[in-house]
Amino acid sequence: MAPHHLPFFLAPGSGTDTLMVIMGIFLVGTVLWVGTLYWKLHSLPERMAHKSQKLQLEFVAVLGLISLFTHMHIFWVAGLLLALIDIPDFGTPLRSIADSVEKIADAAPGEERATPQASAPPDKPDVVREREPSHV
């Protein structure tokens with residue numbers, strides 16, 4: 001009993017609703033696109049820290065996961081700021097200083113000092129020198 005000239009957006013009584021199929025495909029495509037955009041935006045701090053091979057990559061990754069599961073955006077912002085900031089390397093100079101001090105003191109950690117036996121005269125006992133206490 002429907003008129004013969006229905007508009008294109010109305011489904012005929014026995015046919016497929018073309019507009020609903022098109023909108024369903026559009027909705028699925030939009031959800032996938034927005035999801036991909038969200039994941040790329042969410043992983044932005046980690047990708048920034050990974051590209052520059054920074055020391056704080058692990059911290060940025062953990063902050064990203066925490067923000068993902070807790071929905072607290074402050075962790076994502078903290079990860080982004082940490083990825084942008086270049087933390088100076090304090091370990092290498094301090095390790096170099098420690099190695100130099102060990103060479104100066106002639107004492108490597110875990111090694112015993114070898115005392116030469118041939119240099120001491122046999123009639124005099126070996127004199128044991130005590131080290132000065134460290135002020136560190």
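Biologist: Why is H42 called buried in this predicted model?

Modeller: The relative accessible area of H42 is 14%. Buried means under 20%, so H42 is assigned to that class.

Biologist: Where does H42 lie, and with which residues is H42 in contact, leaving aside its neighbours within four places in sequence?

Modeller: H42 belongs to helix α1, which covers residues 18-42. With those neighbours set aside, its contacts are G64, S67, L68 and W76.

Biologist: What makes H73 exposed?

Modeller: H73, a residue of helix α4, has a relative accessible area of 64%. The class of exposed residues begins over 50%, and therefore H73 is placed there.

Biologist: How far apart are H73 and L63 in sequence and in space?

Modeller: Ten residues separate H73 and L63 in sequence, and their C-alpha atoms are 9.8 Å apart.

Biologist: Why are α2 and α4 called roughly parallel?

Modeller: Helix α2 (residues 44-51) and helix α4 (residues 73-84) pack at about 20°, and their axes are 8 Å apart. Because angles under 35 degrees count as roughly parallel, α2 is described as roughly parallel to α4. The crossing of these two helices is left-handed.

Biologist: Which residues make the contact, and how do they divide into nonpolar, polar and charged?

Modeller: From α2 come L44, P45, M48 and A49, while α4 supplies W76, G79, L80, A83 and L84. Eight of the residues in this contact are nonpolar, one is polar and none is charged. Gly counts as polar, so the polar one is G79.

Biologist: How many aromatic pairs does a search of the whole structure find?

Modeller: The search finds one aromatic pair. Its members are Y38 and W39.

Biologist: What makes the pair of Y38 and W39 edge-to-face?

Modeller: The ring centres of Y38 and W39 are 5.8 Å apart, with 70° between the planes. Centres within 6.5 Å form a pair, and planes over 60 degrees apart count as edge-to-face; both conditions are therefore met by Y38 and W39.

Biologist: Why are Y38 and W39 described as partly exposed?

Modeller: Relative accessibility is 42% for Y38 and 48% for W39. Partly exposed residues fall between the 20% and 50% limits, so the term applies to Y38 and to W39.

Biologist: How many helices and strands does the protein have, and what percentage of its residues is buried?

Modeller: The protein has five helices and zero strands, in the sequence pattern α-α-α-α-α. Of its 136 residues, 10% are buried.

How values were computed. Residues are numbered from 1 along each chain as its sequence is written. This is a predicted model: local features need pLDDT of at least 70, side-chain atom pairs count only at pLDDT 80 or more; totals for chains, interfaces and linings use all residues. Side-chain values use heavy atoms; hydrogens and water are left out. Axes are lines fitted to C-alpha atoms, for helices over the stretch in contact, and angles run from 0 to 180 degrees between N-to-C directions. Angles under 35 degrees count as roughly parallel, over 145 as roughly antiparallel, 65 to 115 as roughly perpendicular and the rest as oblique. A crossing is left-handed if the near helix is turned anticlockwise from the far one by less than a right angle, and right-handed if clockwise. Contact means heavy atoms within 4.5 Å. Buried means under 20% relative accessible area, exposed over 50%, partly exposed in between (1.4 Å probe, protein chains only). Rings of Phe, Tyr and Trp (its six-membered ring) pair if their centres lie within 6.5 Å; planes under 30 degrees apart count as stacked, over 60 as edge-to-face and the rest as tilted.
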